[in-house]
Amino acid sequence: MKIAIEGCMHGDLDKVYQTLKLIESQNGTKIDLLLCCGDFQAVRNERDMESLNVPLKFREMKSFWKYYSGREIAPVPTIFIGGNHEASNYLWELYYGGYVAPNIYFLGFSGVIKFGNIRIGGLSGIYNARNYRTGHHERAPYNESSIRSVYHVREYDVHKLMQVEEPIDIFLSHDWPVGITDCGNWKQLVRYKPYFEKEIQEKTLGSKAAAQLLEKLRPAYWFSAHLHCKFSAVVQHGEGGPLTKFLALDKCLPRRKFLQVIEIESEPGPYEIQYDEEWLAITRKFNSIFPLTFKNANFGATQLEMEDCRQLVSSRLRERGTKPFEFTQTAPPFDPTQSDPNGSFSGCPRNPQTESLLQLLELPYLLDSTSESREGRYSPSAAQIIERGSFVHNSEEIPIDDVDESELEEADDVDTKKE
């Protein structure tokens, strides 16, 4: 299976897919899957930009709306996590994961999904110690504070990932696991990014939550973005333990290392995105303590047994199948021929994918700020519906080919080193 990994998308889907087509043409090969490590910017229309935390001068539609509207179709299955520049109102509709457009799947605020027999996990957002132990209290329309805190990683989502016991092949995070620079050539990194050195020395560059997950999950590959540079490392989990190959990539700009292609062993295709049974069982077990205010979850208050959750999920997936629920529009797409006729932001509708998944798992819908939906649903039919192991220094490079597309048109962007 050939997998392309992209760093920060920043809404430039057209450019990334064009580059993938160029790779396939030049190498006579077919890429089976695209993974994006955050800042995807699934902006459907002008109102979504009100939930995008970027300076006004950097707010532009880019190209996602074409794929949301159906004008374009992603040429390769695409899976992504959220970063710190997202249409947070839209991603909240799909907190548990789901299709943001045909063939483009959001992994959720935390999640595990299968592509063929390859198991892919991910954690959206970036780490911020101040908000880590709070609940998901933010609701659109966001204010100056909540538009930033909404994408901060929460302990609840990390705790669920810490329950995963079955092997993970690939893991995605937006910011890097703290300490990962000890496992690669950090001196070369600081020659390119000298202002990283102080944080590297103080062990503050990166995410403590991601480091905790790296030690627990020990995936074969871990991919990140956020710091807008390429960096590779190899993590040795304890003496004689398994290895994790880490790679961070840049944003989509000319002469930048934003894309990498790897080939991993897998069952023969064709491949498709599928729900993961263990992850859905974890989702069911911990949904009763989903923290929706400033208060953190009470992790000792879960009443369901994992074995019972697993049996229910297994039974339901046998009956229904493992393919995720189909994409449905929940807001009108951008129309470049006219200005937004619907005014400013008016709320987050319930996404039918989320409702269907929760019904499958026999769980209540909790994402509204009240027990009832704040907004009537847009009808598409109207428009046509660190306990184990330790880091060991190893500067081995991951033996996979770079893609540096120098012919892409230069574009303005904003540096996202940190908050």
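This report describes aromatic pairs, charges over rings and salt bridges in a predicted model.

## Basis of the model

Residues are numbered from 1 along each chain as its sequence is written, and side-chain values use heavy atoms, with hydrogens and water left out. Local features need pLDDT of at least 70 and side-chain atom pairs count only at pLDDT 80 or more, while totals for chains, interfaces and linings use all residues.

## Aromatic rings

The count comes to 27 aromatic pairs (rings of Phe, Tyr and Trp, the last by its six-membered ring, with centres within 6.5 Å; planes under 30 degrees apart are stacked, over 60 edge-to-face, the rest tilted). One of them joins F40 and F64 edge-to-face, at 6.1 Å between centres and 75° between planes. Both F40 and F64 are buried (under 20% relative accessible area, with exposed over 50% and partly exposed in between; 1.4 Å probe, protein chains only).

The charged end of R44 sits over the ring of Y90, 3.9 Å from its centre (NZ of Lys or CZ of Arg within 6 Å of the ring centre and within 35 degrees of the ring normal). Likewise, the charged end of R320 sits over the ring of F325, at 3.8 Å from the centre.

## Salt bridges

The structure holds 19 salt bridges (a side-chain nitrogen of Lys or Arg within 4 Å of a carboxyl oxygen of Asp or Glu). Among them, R119 pairs with E278, with the closest N and O atoms 2.5 Å apart. R119 is buried, at 6% relative accessible area, and E278 is buried at 7%.

Another salt bridge links E155 and R133 at 3.5 Å, N to O. Here E155 is buried, at 18%, whereas R133 is exposed, at 55%.
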